[in-house]
Structures are given as structure tokens and as C-alpha cells.
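The following exercises are to be worked with the sequence and the coordinates at hand. Each task is followed by a solution in steps.

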Amino acid sequence: MDRPLCHPTPAPPPRSSLAVTWSVWRALMLREALTRLFATRISWAWVLFEPVFHVAYLLVLYSAVRVRSVGNLDTPVWIMVGIQTFFLFRKTADHVAGAPADNSALFAYRQVKPVDTLVARGLLEGASWLVITLLLIAFLALWGHPFVPQFPLAMMGACAAMWLLGVAFGMVVSACTTLMRETRQLLSIVLRPLYMISGVMFPLGSLPADWRGVLMLNPLAHGVELVRMGLSDNYQAVPETDAGYLFAWVLGLLLLGLALQLRLSHKVGAR
């Protein structure tokens, strides 16, 4: 009896570079998400508890002095928006800065490049920030403080700028860490005072013009004010607020970060 002819299975077509890159990013984001949420028994709870704790203790402070509105905005909404806007920058910068060092073992795979870990962490941080922000908005609505922005597109644009600023700053710190390992420790030292002087805890508009002019050199203060301006046209924003200034910082740091990553890629991948 004649045997049936066996036709060889055709090889699958080669994937494009874009498809390979997206597969790498997706795998890195899944790995990062599982590590972050299930590293310990309460890791997943701390992700939500940290912003809730910050909002709660600031609400206690403002309730003690009986401040029900700040700049014509509801105080809980004003506080939540400021904290989440600053956290978007801070957490993105911190996690992106440590991405290559934390994933150095994966560079043994030729598909994984140091810049892939930076992008994956940035995307994951942006996605997790969005989920947490939506949960906080739901909590405020149930508490009787609705979140209804009048200019949602302007608000989303300002949030995107703060996210990109965090990614760019993290890229710069990550590259500089290859030259001096203490750079990431310096990052935490720098970010702590920025929390105080970015208009998160108190309105910068209440300060004298001379002090306000110095503090508004900080691009984060512009980002926080721009996001709050998207809530209502009645919001009394700091007069020095300038979207162009914020986007100039974003573009400058992004170009610097990409240039440093390209220049020091061999050192980043070798760590």
C-alpha cells in the first residue's frame, strides 16, 4: 500500500520589526505588572493605598482650618488632582530610571534592548495611574464630590505632558546612573522638595509675586496648574502658568534622554 505523500509544513512568515517590538513591550509590561502587584501579600493594596493616604491627610488638614474650596474648586477635587498629577510624574520617573538595572538579566535575549524596558515601564505606569485615578474619582463621586471637568481635552493634554516629562526625566537619570551609580539616590532627594513646591499641598497663587516667580521656574508647577485649569474656567490659576514652558521642558528632556540612551546604550546593556 502506497504511503501518502507528506508535504512539509510551510514556515511561518517572519515577523516585522514592529511586531517583535510590540511583543517585547507586552511581555515586559506583563512581567512588571505581576512583579509589582504580587511581590508581597499587600503589594496590590499599597498601589491604591498610597494616593488615598496622601489625599486623606491633606483633607484632614484643610478640614481642620475649614477650607471648603481652593481657587473656586471643591477642596477634595483640588487635592486629588494635584496629588495624582504630581504622582504621574514622580512614579513614572522613578520606575523608568530603574528599569534597565532591574531587568539587566533580560538583555541576554537579543530582542530585548535597554530602551524597551524604559518604554514598557513608562506605559505600565501610565496605565496603572489611569486606573487608580478613575477609582479615586469614583470614590469622590460616592462621597458627594463629583468630578466633571469642563475642558477634558486640555486636562488630558496636560496629563500627557506630565507623563512624558516623567519618562524623559527617568531616561536621563537611567543614563546618568551608568556613569555614577548614586544618581538614582539623588533622584529621590530631588523629588521630595518638589512635592512641597509644585502647588500640590497649597495654592501657589497665595504667595507673593516674587516668591511665586521663583517657584514657577519648576515645570511641575505649570503641569499641576494646567490640569486644574481643565476642571473649570472659574479656577483661579497662577498668572505665570504657561503651557509652552511645560512642553519646552518635555521636548528638551526627551531629546536629551534619547541622546544619552543612544550614546551610552552599550554601558546600559552591560550593567
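**Exercise 1: Leu 135 and its surroundings**

Task: Classify Leu 135 as buried, partly exposed or exposed, and state which surface feature includes this residue.

Solution. Step 1: In this predicted model, Leu 135 has a relative accessible area of 37%. Step 2: Buried requires under 20% and exposed requires over 50%, so Leu 135 is partly exposed at 37%. Step 3: The residue is placed in helix α5. Step 4: Together with Val 131, Phe 139 and Leu 142, Leu 135 forms a nonpolar patch on the surface. The accessible area of these residues together is about 420 Å².

**Exercise 2: Glu 125 in the same helix element**

Task: Determine whether Glu 125 is buried or exposed, and list its contacts beyond four places in sequence.

Solution. Step 1: Glu 125 belongs to helix α5, which covers residues 114-142. Step 2: Its relative accessibility is 6%; the limit for buried is under 20%, and therefore Glu 125 counts as buried. Step 3: With neighbours within four places in sequence set aside, the contacts of Glu 125 are Arg 36, Lys 91, Thr 92 and His 95.

**Exercise 3: Overall architecture**

Task: Describe the order of elements, the buried fraction and the separation of contacts in the protein.

Solution. Step 1: There are 11 helices and two strands. Step 2: Read from the N terminus, the order is α-α-β-β-α-α-α-α-α-α-α-α-α. Step 3: Of the 271 residues, 42% are buried. Step 4: Among contacts with a separation of 6 or more, 75% involve residues 24 or more positions apart. Step 5: The exposed area of the protein is about 15,400 Å², of which carbon and sulfur atoms supply 69%.

**Exercise 4: The nonpolar cores**

Task: Identify which residues touch the most other members of the largest nonpolar core, and which helix supplies its largest share.

Solution. Step 1: The largest nonpolar core holds 48 residues, and Ile 79, Met 80, Ile 83, Phe 147 and Tyr 195 touch the most other members. Step 2: Helices that each supply at least two residues of this core include α2 (43-64), α3 (75-97), α6 (152-177) and α10 (243-263). Step 3: The largest share, 12 residues, comes from α3. Step 4: Beyond its neighbours within four places in sequence, Ile 79 is in contact with Val 55, Leu 58, Leu 59 and Tyr 62. Step 5: A second, separate core has eight residues, among them Met 29, Phe 107, Val 112 and Ala 120.

**Exercise 5: The salt bridges**

Task: How many salt bridges does a search of the whole structure find? Give the partners and the accessibility of each pair.

Solution. Step 1: The search finds two salt bridges. Step 2: One joins Glu 240 to Arg 212, with 2.9 Å between the closest N and O atoms. This pair links distant parts of the chain, since Glu 240 lies in the loop between α9 and α10 and Arg 212 in helix α8 (residues 209-215), 28 residues apart. Step 3: Glu 240 is partly exposed at 29% relative accessibility, whereas Arg 212 is buried at 12%. Step 4: Glu 225 and Arg 228 form a salt bridge with an N to O distance of 3.6 Å. Because Glu 225 and Arg 228 are three residues apart in helix α9, about one helical turn separates them. Step 5: Both partners are buried, Glu 225 with 2% relative accessibility and Arg 228 with 0%.

How values were computed. Residues are numbered from 1 along each chain as its sequence is written. This is a predicted model: local features need pLDDT of at least 70, side-chain atom pairs count only at pLDDT 80 or more; totals for chains, interfaces and linings use all residues. Side-chain values use heavy atoms; hydrogens and water are left out. Helices (H or I, at least four residues) and strands (E, at least two) are DSSP runs, numbered from the N terminus. Buried means under 20% relative accessible area, exposed over 50%, partly exposed in between (1.4 Å probe, protein chains only). Contact means heavy atoms within 4.5 Å. Accessible areas come from the Shrake-Rupley method with a 1.4 Å probe; for residues, only the protein chains shown count as cover. A nonpolar core is a set of buried Ala, Val, Leu, Ile, Met, Phe, Trp, Tyr and Cys residues joined through side-chain atoms within 4.5 Å. Patches are made of residues with over 30% relative accessible area and no salt bridge: like charges are joined within 9 Å, nonpolar side chains (Val, Leu, Ile, Met, Phe, Trp, Tyr) within 5 Å. A salt bridge is a side-chain nitrogen of Lys or Arg within 4 Å of a carboxyl oxygen of Asp or Glu.
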